Amino acid sequence: DTATGTVPFVPAHCGGWPFLDDEHAPKKLLTAVACARLARRDGPRLSPSPEELAAVLEPGEALRIRSLDLPRPLPTGSLTVQQRAAIPTTVELIARLIPSWAALLQALPLTYLPMPAGRSSISASCFAWPQHILLADAAFDDPAVLAEQTLHETFHQWLYLCEELTPLQQPGCTQRVTLPSGTSGRSPAELLGAAHVTSGLARLWPLLDVPAHVRDRRLAHLTAYIRGCRDLITDNRPYFTADGHALADRILEATP
């Protein structure tokens, strides 16, 4: 019932999971999310106009609506002109390499911001900042690195959309996970997000124009990471919702 912001079982309604299923219908997911956002902002309603739906899919309004329930200050600043120009070129490259992802890469409006000084991450995003991505200067040092980081955070943004409609972990879950990278304090839902991203990067890297030894090294790392995620997913099954289990199953099907 999109009038009340409730949309059960995202995969069944949208042709599968973003990036994992080529039959996934991005417009259906975006419409459901827009209806849920309108309901959260204005209360239950019927038949919103296309203009109203588009308005709540703009990053600024998406952030404002999220802050009604989850206020968290967003870092400020702007990327350089050269950095801003590099992003659409990178998105176009990924879409050429994997045409079935083109609609996902182009359908969701995203705002890119610089990583705040002092942060060690090369890129970041979070559920509290829908449709906003942070990129460090180092992300722009190499085209392959920028492709990876752009895709990495875009994966997160699409899974956050799913989580606006359906939780991936049990309500009130306090379980915390250390990811294969050594990053600690992550939730079971974030574990699924990390595995989801890694499945996509493993599909991208064989197609990038990089030296063979660079490609092989990165693919070996990604293979080890996803195998570590598989073990963690098994251990954390009790904390997933039905949709969390469905996503976990689909990730395991899609990865070695």
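Author: A pocket is an open set of grid points where a probe fits, with protein on both sides within 12 Å along at least five of seven lines. This model is predicted.

Reader: What volume does the largest pocket have?

Author: About 1300 Å³. Of the 45 residues lining the largest pocket, Ser125, His152, His156, Arg186 and Glu190 are the closest to its centre.

Reader: Which helices and strands each supply at least two residues of that lining?

Author: One strand does, E2 (123-124). So do three helices: H7 (143-165), H8 (188-204) and H9 (212-235). H7 gives the largest share, eight residues.

Reader: How do the lining residues divide by character?

Author: The lining of the largest pocket has 22 nonpolar, 15 polar and eight charged residues.

Reader: Now the backbone. What sign does phi have in most residues other than glycine?

Author: Negative, in most of them. Here, Phe19 has a positive phi of about 75 degrees, and Phe19 is not a glycine.

Reader: Where does Phe19 lie?

Author: In the loop that joins helix H1 (10-14) to helix H2 (26-42).

Reader: Is Phe19 buried or exposed?

Author: Buried means under 20% relative accessible area. Phe19 has 3%, so Phe19 is buried.

Reader: What is the phi of Gln131?

Author: Gln131 is not a glycine either, yet its phi is positive, about 65 degrees. Gln131 sits in the loop between E2 and strand E3 (132-135).

Reader: Does Gln131 count as buried or exposed?

Author: Use the cut-off again: under 20% is buried. Gln131 is at 1% relative accessibility, so Gln131 counts as buried.

Terms used. Residues numbered from 1 in each chain as written. Predicted model: local features only at pLDDT ≥ 70, side-chain atom pairs only at ≥ 80, totals over all residues. Heavy atoms only, no water. 1 Å grid on protein atoms, 1.4 Å probe; cavity = no way out; pocket = protein on both sides within 12 Å on 5 of 7 lines; lining within 4 Å. Points joined across faces, edges and corners; volume = space filled by probe spheres on them. Helix = DSSP H or I, 4+ residues; strand = E, 2+ residues; numbered from the N terminus. Nonpolar A, V, L, I, M, F, W, Y, C, P; charged D, E, K, R; others polar. Buried < 20%, exposed > 50% of the residue type's maximum accessible area, 1.4 Å probe, protein only.
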